[in-house]
Amino acid sequence: MNMKFKLTVSCSFLLGPLFLSVLFAASQAHAAPKIEQWQTSNGVKTLFVAAPELAMLDVAITFDAGSGRDADLNGLSQLTHRLLNTGSGALDADAIAEQFEDVGAQYGSSVNLDRSSIALRSLTDAALLKPALKIFIDVITKPSFPEKDFLRLKNQALIAIKDSEQRPADMASRAFYKAIYGSHPYANPALGFKETIELISLDDVKNFHQQYLVAANALITIVGGIDVGQAKKIAEQVAVNLVQGAKPETLAQPQSSKEVADIHIPYPSQQAHVYLGQLGIQRGHPDYFTLYVGNQILGGGGFTSRLVKEVRVKRGLSYSVYSYYFPLQQPGPFTLGLQTRNDQSHQAAEVSLETIKKFVSEGPTAEELTSAKNNITGGFPLRIDSNRDILGYLSLIGYYDLPLDYLETFTDKISAVTEDEIRTAFSKHLQPKNLVKIIVGGPESGANQNRQEGGEQ
Amino acid sequence: MKLIKFLPLLFVVASCTSLSDKPTAAPEMGDEANKQAVITKSASGTHEKTFKNGMNVIVKEDHRAPVVISQVWYRVGSAQEHSGITGVSHVLEHMMFKGTEKYPSGTFSSTVAEIGARDNAFTGRDYTAYYQLMGKEHLETSFELESDRMLNLILSPKDFTSELEVVKEERRLRTDDNPNALVYEQLYATAFINSPYHHPIIGWMDDLNNLKIEDLADWYQRWYTPNNATLVVVGDVNPENVFAMAEQYFGRLESRPVKTSKPRLEHPQTGERRVAVKAIAKLPYIMLGYKTPSLATAEEDWEPYALSVLGAVLDGGRSARLSKRLVREKELVSAAGAGYNIFSRYPTLFLFDATPTEKHSIEEAEQALYEEIKDIQENLVSEKELRRVKAQVIASEVYQQDSIQRQATVIGSLETVGLGWQLMDEYNQRINSITAEQVRDVARKYLVEEGLTVAVLQPLENKAQSNTEK
């Protein structure tokens, strides 16, 4: 909500969701970092990359405890995670914040549909690292969940929900996930809903912590200026403090809905936010690399995708237009997004749909495929050029049980993709007539017509 | 929701305007032409050279990964604009991707895509910058493209027409449909009357509607010349090689004299100003801005550092005062912030913002902010707080090394606002020398009603038939 830190610059191009850079990997044999993997004495998988150049350390604990685990209490996972650093033993929220910040350490937690992650960044100087690690472990393993903070953060969650209700982009995203996932847990935002937040009790939070933030459900990832011996000690120290617990069952598989939603939500904004999409693939799917390369051509990063050319460059309809696959534990969505002046929303949606149709039926040209491969393989070193990026990959690889040579082999897999494979994979996974369409913005009108007719007004 | 904030305002990527008397502000060609190319070097592994045509090049080695970032910074931004053409710097930035004779329409982007580079550009109040982040073997491609478009841009009417629509969509996205952003825009427009900080970087919509391609052509002609640019390269490179290659591409470009802008120093404020913003929204929001000098304009050069420390005492993390007292203890606000951009070139604003919780009003939130200010003015901040702020600054300096983009951006912005990249090396030490008395003194001097502007969002209910005409 504090917007002043990001408002001061205007960029030429707004990329799709920023997390994409972490979700997709590419590789060249020469540059992949060496990943060490082991299990702690109580069986917690740990992935480590030594980065001796800087005297700093990143540690993250990932749990299979994303908002997909909220059950009926949407918002529970996020609320639980945000409460961790408000109390532990005799320490209250103030004392915890001071203990981290006195030594220049940074603490944070995040929750997505599948996973939660709790992270620490610290200098490696033992006098600073040791206290930072101690408080980090204490908040994760022995939170006291003070009632006062519980009530305060519940209120904050309600305010955050209101905030999202004044942002057409968030409204559209919520409607989009709901339309694709129906009654599946992925349908619901990590923030939750007013009604569900109000239902959550302190016991629900404690139970969620006891059930999900446990050794059997944890992954530890470490990147930084320490050696493997030190990393093992740290992982051990974290792991043995976790309750053993049990691994939860995998989430149910989402079913494609029989009805294809075409929803317009009127909103008095200047711009309409348009989403098109459908159920995509899960992490580890054999078609992943093929779809990734294909989508790069259709609507992936940069200024050169077909969608950017058709929607932005040729017609000036949108500042940002993109598409992506978001593979999760279960099939994640394929999403196309753009924003445009209200009176152009149907035109922009139709141009996008036509672009998809053409791509699915014809596939890429040989030239496009070569360029996309060059782009992905040439850009590989950028994906792992910082400790933060590498940490993101460790969490991805560890959580989704991807092979340890995932980074090393990625560019080979990209290079092996053919035009035919892309055509086949897209006709299999993307049906233009089955795309959900969400438009938020503009007055109430005959907005839902004209769906199949295409054409550009 | 806010996650970790690490003294975010220490190196904010945005700035202000060039004062004509600062040494590195848009030099006249006459001066630069006589200058010998020189190389200077610092302890932090940063190297600098100025070519005969006046273009400045700064190279920092970072060998952690086989990658490099190349940024070209121009000393022009929205603060150089006059009324009627606001937003022209930013629209020109968009048009810079459209093509030259050598790289016609679309080929700039496809060339960049082919090498797997990430490229983009950004416009601030005092600069426009372009960058490519890429595998180190591709640096030459970046130089080839950037040196070409520095002087050879073709502005086609057709491209202009559609790109202007893209920029208007950007304005709708970032500002018009974002109630808090409207408050921010109004705060600046109210706080600054004759300073060019008055208008938004992206421009007023009416100016965008009336912008002409000739305005862009003039702007390009006036500002895009090597003696008005700084090249920053950070990554896995050998500085000597980079200088040699840069000389080949940029060093031979012909420069033109740059007409310096007028100072347009803000007329003194004589009392509180207040503005209300009505917009469809669900949450009230308030911003306060106090007129303060920046490092480039301060008469007492310790004052901006003291203001930075003050910002960190108030909002440098969860243990800082606003979080601790207003968010957790009193539960008056769901979020509150404070901070200050020390590296702007013109006098700037020390900002506060807050969103009250359900049970409290915007007035209570505002009063609570004043109480915090009063506390700082009357009582010395504790040694413990000062130590914590300094520990965070030291750690941030290390953390910042994790991103070459961040490093290059700090160098480029320091250089472009006329402070010089060497400041990087002394920043910590200057922050460390700030005392509790100095923090109190700047609060007494600058956080005063005479320099205050308040902007408040008054949420309007969303009735389906209403619209947001402003």
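The following exercises, each with a worked solution, concern a predicted model with chains A and B.

**Exercise 1. The sheet of chain A**

Task: Determine the strand order of the open sheet of six strands in chain A, and identify its edge strands.

Solution:
- Begin with the order, which reads β2-β3-β9-β4-β8-β7 in chain A, with mixed pairing.
- Next, look for strands that pair on one side only; these are β2 (36–39) and β7 (106–111) of chain A, the edge strands.
- Then consider orientation: neighbouring strands of this sheet are turned against each other by 15° on average, when direction is ignored.

**Exercise 2. Pairing at the two edges**

Task: Describe how β2(A) pairs with β3(A), and how β7(A) is joined to β8(A).

Solution:
- At one edge, four bridges link β2(A) and β3(A) in the antiparallel sense.
- Within this pair, Glu36(A) is placed opposite Phe48(A) of β3(A).
- At the other edge, β7(A) and β8(A) run antiparallel and are joined by six bridges.
- Here Tyr107(A) faces Leu120(A) of β8(A).
- The connection from β7(A) to β8(A) is a hairpin through four residues.
- Finally, add the helix that lies across β7 and β8 (116–123) of chain A: this is α2 (residues 76–83), which runs at about 170° to β7(A).

**Exercise 3. The two sides of helix α9 of chain A**

Task: Establish which residues of α9(A) are buried, which are exposed, and what the buried ones pack against.

Solution:
- First, consider the helix itself. α9 of chain A (residues 228–240) has 13 residues, and its first and last C-alpha atoms are 18 Å apart, close to the 18 Å expected at 1.5 Å a residue.
- Second, apply the criterion for burial, which is 20 or more other C-beta atoms within 10 Å. The residues Ala231(A), Ile234(A), Ala235(A), Val238(A) and Ala239(A) are buried.
- Third, locate these residues around the axis. They cover an arc of only 130°, and therefore lie on the same side of α9(A).
- Fourth, turn to the other side of α9(A), where Gly229(A) and Lys233(A) are exposed.
- Lastly, name the partners. The buried residues of α9(A) pack against β3 (45–50), β4 (56–63), α4 (126–141) and β9 (218–224) of chain A.

**Exercise 4. Two residues with positive phi**

Task: Locate Phe145(A) and Arg264(B), and explain why each counts as partly exposed.

Solution:
- Start from the general expectation: most residues other than glycine have a negative phi.
- Phe145(A), which is not glycine, has a positive phi near 45°. Its position is in the loop between α4 and α5 of chain A.
- Phe145(A) counts as partly exposed because it has 17 C-beta neighbours inside 10 Å.
- Arg264(B) also has a positive phi, of about 50°, although it is not a glycine. This residue belongs to the loop between α9 (239–251) and β8 (273–280) of chain B.
- Arg264(B) has 18 C-beta neighbours inside 10 Å, so it counts as partly exposed.

**Exercise 5. Chain B and the contact between the chains**

Task: Characterise chain B as a whole, then state how many residues each chain brings to the contact.

Solution:
- Chain B contains 16 helices and twelve strands.
- Of its 470 residues, 58% are buried.
- Among contacts in chain B with a separation of 6 or more, 81% are between residues 24 or more positions apart.
- The contact between the chains takes 70 residues from chain A and 82 residues from chain B.
- On the side of chain A that touches chain B, helix α5 (residues 147–165) of chain A gives the most, with eight residues.
- By class, the residues of that side of chain A are 26 nonpolar, 27 polar and 17 charged.

Technical notes: Residues are numbered from 1 along each chain as its sequence is written. Chains are lettered from A and ligands numbered from 1 in the order in which they are written. This is a predicted model: local features need pLDDT of at least 70, side-chain atom pairs count only at pLDDT 80 or more; totals for chains, interfaces and linings use all residues. The expected span of a helix is 1.5 Å times one less than its number of residues. A residue is buried if 20 or more other C-beta atoms lie within 10 Å of its own, exposed if 12 or fewer, and partly exposed in between; C-beta atoms are placed from the backbone. The arc is that of the directions from the helix axis to the C-beta atoms. Two residues are in contact if their C-beta atoms, placed from the backbone, lie within 7 Å. Ala, Val, Leu, Ile, Met, Phe, Trp, Tyr, Cys and Pro count as nonpolar, Asp, Glu, Lys and Arg as charged, and the others, Gly among them, as polar. Two strands pair if DSSP finds at least two bridges between them. Axes are lines fitted to C-alpha atoms, for helices over the stretch in contact, and angles run from 0 to 180 degrees between N-to-C directions.
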